[in-house]
Amino acid sequence: MTTDIKQAMDLAAMGMRAQGTRMRVISENMANAETTAREAGGDPYRRQMVTFKNVMNRRTDVNEVKIDKIIGDQSDFRMKHDPSHPAADKDGFIKLPNVNSLVEMMDMREAQRSYEANLGIIDMSRTMLMRTIDLLRS
Amino acid sequence: MVEVNGAVGAYQNALKQVTENSDKKSDGASFGDMLKESLGDAIETQHKSEQMSAAAVQGKADMIDVLQAVTEAETTLNTVLSIRDRLVQSYQEIMRTPI
């Protein structure tokens with residue numbers, strides 16, 4: 001029974017790690033929301049997305065969560081007319097990253113909620129273990 | 001007379017059994033060995049948690065790893081402590097028994 005609780009805690013920790021990576025990628029997107037190309041007419045920063053996968057741990061027989069890939073968002077870049085910009089093409093347009101701060105905000109909320117849920121699992125498992133040990137003591 | 005002899009024989013048999021049993025070494029690990037082993041385990045997890053905390057202070061370890069290590073050390077130590085408390089309690093109970 002206690003090994004199950006321990007496994008629950010380990011799994012929750014892996015979920016927290018995955019959400020941490022997701023948070024890092026969101027932060028990259030937010031930080032580079034205005035990063036344009038370095039040469040005229042080039043592509044700017046492309047929004048990154050995180051995908052998760054579950055990996056079967058053969059030793060402990062549980063499904064663990066891992067980061068699968070960090071892939072680029074293939075949607076269109078934002079266009080802006082700014083002929084004075086160094087990255088502007090011959091028509092005076094610059095490409096801005098396809099990062100939407102509202103979408104990133106929603107992603108961030110989701111990551112936060114998931115992290116908190118996993119934290120709750122760790123907290124509850126720990127309480128269960130401690131209560132069991134207390135019973136042994138009294 | 002026969003009954004008395006039988007009773008004496010039974011007592012002697014019982015006495016023999018008791019002395020034989022106390023002389024015989026138990027094959028499996030004794031309770032002391034078990035306790036020693038689990039204490040070693042607890043100390044090992046404590047060391048691990050300390051190492052993790054030190055690494056985290058230096059910025060080399062993940063906070064989640066520290067949490068895991070510390071929680072494991074805490075539960076292991078608490079388990080061993082409560083078992084030890086129970087053992088000492090039973091020992092005292094036996095020592096208090098009037099003979």
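Axes here are lines fitted to C-alpha atoms, for helices over the stretch in contact, and angles between N-to-C directions run from 0 to 180 degrees. Keep that in hand for the first stop. The model on screen is predicted.

**Stop 1: helix 1 of chain A against chain B**

Select helix 1 of chain A and helix 3 of chain B. Their axes lie 10 Å apart, and the packing angle is about 165°. Helix 1 of chain A is therefore roughly antiparallel to helix 3 of chain B, because angles over 145 degrees count that way. Now check the handedness. Helix 1 of chain A passes helix 3 of chain B in a right-handed crossing.

**Stop 2: helix 1 of chain A against its own chain**

Keep helix 1 of chain A, residues 2–31, and add helix 2 of chain A, residues 101–137. These two pack at an angle of about 160°, with axes 9 Å apart. So helix 1 and helix 2 of chain A are roughly antiparallel to each other. Their crossing is left-handed. Color the contact between helix 1 and helix 2 of chain A by residue class: you should find 17 nonpolar, 8 polar and 5 charged residues.

**Stop 3: K6(A)**

Stay on helix 1 of chain A and pick K6(A), which sits in that helix. Is K6(A) buried, partly exposed or exposed? K6(A) counts as partly exposed, because its relative accessibility is 31%. Now draw a distance from K6(A) to G42(A). The pair is 36 residues apart along the chain, and the C-alpha atoms are separated by 51 Å.

**Stop 4: the loop at D61(A)**

Move along chain A to the loop between strand 1 (48–57) and strand 2 (62–72). D61(A) is in this loop. Look at the backbone there. Phi of D61(A) is near 65°, a positive value in a residue other than glycine. Turn on the surface next. D61(A) counts as exposed, because its relative accessibility is 56% and the cut-off for exposed is over 50%.

**Stop 5: F93(A) in strand 4**

Go on to strand 4 of chain A, residues 93–96, and select F93(A). At 36% relative accessibility, F93(A) counts as partly exposed. How far apart are F93(A) and K69(A), C-alpha to C-alpha? The distance between F93(A) and K69(A) is 32 Å in space, with their positions 24 residues apart in sequence.

**Stop 6: chain B as a whole**

Hide chain A and show chain B. Chain B has 3 helices and 0 strands. Trace chain B along its sequence and the pattern reads α-α-α. What share of the 99 residues of chain B counts as buried? The share is 15%. Switch on the accessible surface of chain B, which comes to about 7,900 Å². Carbon and sulfur atoms account for 59% of that surface.

**Stop 7: S53(B) in helix 2**

Select helix 2 of chain B, residues 31–57, and find S53(B) in it. S53(B) is partly exposed, with a relative accessible area of 28%. Add L67(B) to the selection. S53(B) and L67(B) are 14 residues apart in sequence, and their C-alpha atoms are 8.9 Å apart in space.

**Stop 8: S82(B) in helix 3**

Finish on helix 3 of chain B, residues 63–96, where S82(B) lies. Is S82(B) buried or exposed? S82(B) is buried, because its relative accessible area is 0%, and buried means under 20%. Bring chain A back into view, then show the side chain of S82(B) as sticks. What does this side chain reach at 2.8 Å? The side chain of S82(B) reaches the backbone oxygen of N78(B). Then select T79(B). Its backbone oxygen lies 2.9 Å from a polar atom of the S82(B) side chain.

Conventions. Residues are numbered from 1 along each chain as its sequence is written. Chains are lettered from A and ligands numbered from 1 in the order in which they are written. This is a predicted model: local features need pLDDT of at least 70, side-chain atom pairs count only at pLDDT 80 or more; totals for chains, interfaces and linings use all residues. Side-chain values use heavy atoms; hydrogens and water are left out. Helices (H or I, at least four residues) and strands (E, at least two) are DSSP runs, numbered from the N terminus. Angles under 35 degrees count as roughly parallel, over 145 as roughly antiparallel, 65 to 115 as roughly perpendicular and the rest as oblique. A crossing is left-handed if the near helix is turned anticlockwise from the far one by less than a right angle, and right-handed if clockwise. Ala, Val, Leu, Ile, Met, Phe, Trp, Tyr, Cys and Pro count as nonpolar, Asp, Glu, Lys and Arg as charged, and the others, Gly among them, as polar. Buried means under 20% relative accessible area, exposed over 50%, partly exposed in between (1.4 Å probe, protein chains only). Accessible areas come from the Shrake-Rupley method with a 1.4 Å probe; for residues, only the protein chains shown count as cover. A polar contact is a pair of N or O atoms within 3.5 Å; within protein, one must be able to donate a hydrogen and the other to accept it, and residues adjacent in sequence count only if both atoms are side-chain atoms.
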